[in-house]
Structure formats: C-alpha cells, structure tokens
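Please open the structure in your viewer and keep the selection panel at hand. The tour below goes from the whole chain to single residues, one selection at a time.

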Amino acid sequence: MENYKTRKIKFKEIVEIGTWQVKVYTISKSGAFDHPLFYKSVISQLPSWFQQENSFDDTNDKMAFLILHAGTEGIFSLINWWVGKNMLNTHIFMTNPEKPNEFEKISGDGLAPCIWELEIINHERISWIKNVLKQIPNPHFKEYLNDTISIEL
C-alpha cells in the first residue's frame, strides 16, 4: 500500500448528451488529467450508459455527474444520476490508458467509489438536497448544475 498523497479534483465542464446534462469531473493520481483520446471516447459512451436501468426505480431528471479518475490500475469512469429523486444510480468502468476506447464494467460485485471519488459524490449529494429535494415542487435544476467542486484532497 502506498502512502496517502493528495489528488486534484477538478470540475471540467457540463456536457449535453441528447436530453441529458452531465457535470464532468476529473481526478488524477499524478498531476493534471491529460487523456484527450480517452475523454472523447468516454463522452461518446454516455448515451449507451444512460440506457442501463436498475432493479429499483429508474425515474430520473436527466441530470448526471461523471467522474473520470486516472488512478493506479487504469482510468476509472463513474457515471452517476439520481433515481426516484433520492437514490444514486452508479456504474463504474475501467479503461487501460493504452486502449482508450475499451471500457470494462467493474461495478456490481460490491466495488464502491474510492475516497477521492466520494468527495465529489458528497458534494453532489449536498447540492442535490439543497437545490432539488428541498425545493420541490419547484426544483432549482440550474443552480444544481452550476454548483460544482474543485479541490485538492
């Protein structure tokens, strides 16, 4: 096990994928997140990832957040969106940086996000409560989309 080192968490942009709005975040183990071919490829995967349903409740507001994490084992892609208003739907994929177009789904066997990814998820949870759940019947979706985090942790 390696000693703990901080990593930069950075909000990159909001992308529109059909009727979806997606907040994109990056994290890198070593310096800046610099994987342009992978980035283009992962964005093109989003329409098919949004087709994945869960066994509980798949109603959603077509807003998601994507975490791209260049870590030790490869580049992790975590696509997340709120279902049933208060449950987080999460799918985790891993990519070898040498093969930026190949995505292996690794969630579903108990694997959960790491400590750096959880910081983004916590921020998004707080923002969803503040801007959406506490504002029903008039949720503030624009404020939610504009509420982002960039930090070194």
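The stops that follow take in the whole chain, then the sheet, and then two of the helices.

**Before selecting anything**

This is a predicted model, in which local features need pLDDT of at least 70 and side-chain atom pairs count only at pLDDT 80 or more, while totals for chains, interfaces and linings use all residues. Residues are numbered from 1 along each chain as its sequence is written, and side-chain values use heavy atoms, with hydrogens and water left out.

**The whole chain**

Select the protein chain and show it as a cartoon: three helices and seven strands appear, where helices (H or I, at least four residues) and strands (E, at least two) are DSSP runs numbered from the N terminus. Read from the N terminus, the order of elements is β-β-α-β-β-β-β-α-α-β. The radius of gyration is 15 Å, close to the 15 Å that the globule rule gives for 153 residues, so the chain is as compact as a globular protein of that length; the radius is taken over C-alpha atoms, and the rule is 2.2 Å times the number of residues to the power 0.38. Along the principal axes, the C-alpha atoms fill a box of roughly 45 × 30 × 30 Å.

Colour by accessibility next, and 41% of the 153 residues are buried, the term standing for under 20% relative accessible area, against over 50% for exposed and partly exposed in between (1.4 Å probe, protein chains only). Of the contacts (heavy atoms within 4.5 Å) with a separation of 6 or more, 58% are between residues 24 or more positions apart.

**The sheet**

Now select the strands, which form an open sheet of seven with mixed pairing, in the order β6-β5-β4-β3-β2-β1-β7; two strands pair if DSSP finds at least two bridges between them. Both β6 (104-105) and β7 (151-152) stand at the edges with a single partner strand each, so one side of each is left without a neighbour in the sheet.

At one edge, strand β1 (residues 8-17) runs antiparallel to β7 and is joined to it by two bridges; pick lysine 8 and its bridge partner in β7, glutamate 152. Moving to the other edge, β5 and β6 are also antiparallel and joined by two bridges, and here phenylalanine 93 has lysine 105 in β6 as its bridge partner.

Then select residues 75-83 and 87-95, strands β4 and β5, which run antiparallel with nine bridges between them. Isoleucine 75 stands opposite threonine 95 in β5. The hairpin of these strands has three residues between them, and there glycine 84 takes a positive phi near 55°.

**Helix α1**

Select residues 36-49, helix α1, and find serine 41 within it. Serine 41 is buried at a relative accessible area of 6%, and, leaving aside residues up to four places away in sequence, it touches Pro100, Asn101 and Phe103.

Which residues does valine 42 touch, not counting those up to four places away in sequence? They are Trp49, Leu66, Leu68, Ser77 and Phe103. Valine 42, also in helix α1, counts as buried at 0% relative accessibility. A C-alpha to C-alpha distance from valine 42 to phenylalanine 93 gives 9.9 Å, across 51 residues in sequence.

**Helix α2**

Finish with residues 115-131, helix α2, where asparagine 131 lies. Asparagine 131 counts as buried at 7% relative accessibility, and beyond four places in sequence it touches Pro139, His140, Glu143, Tyr144 and Asp147.
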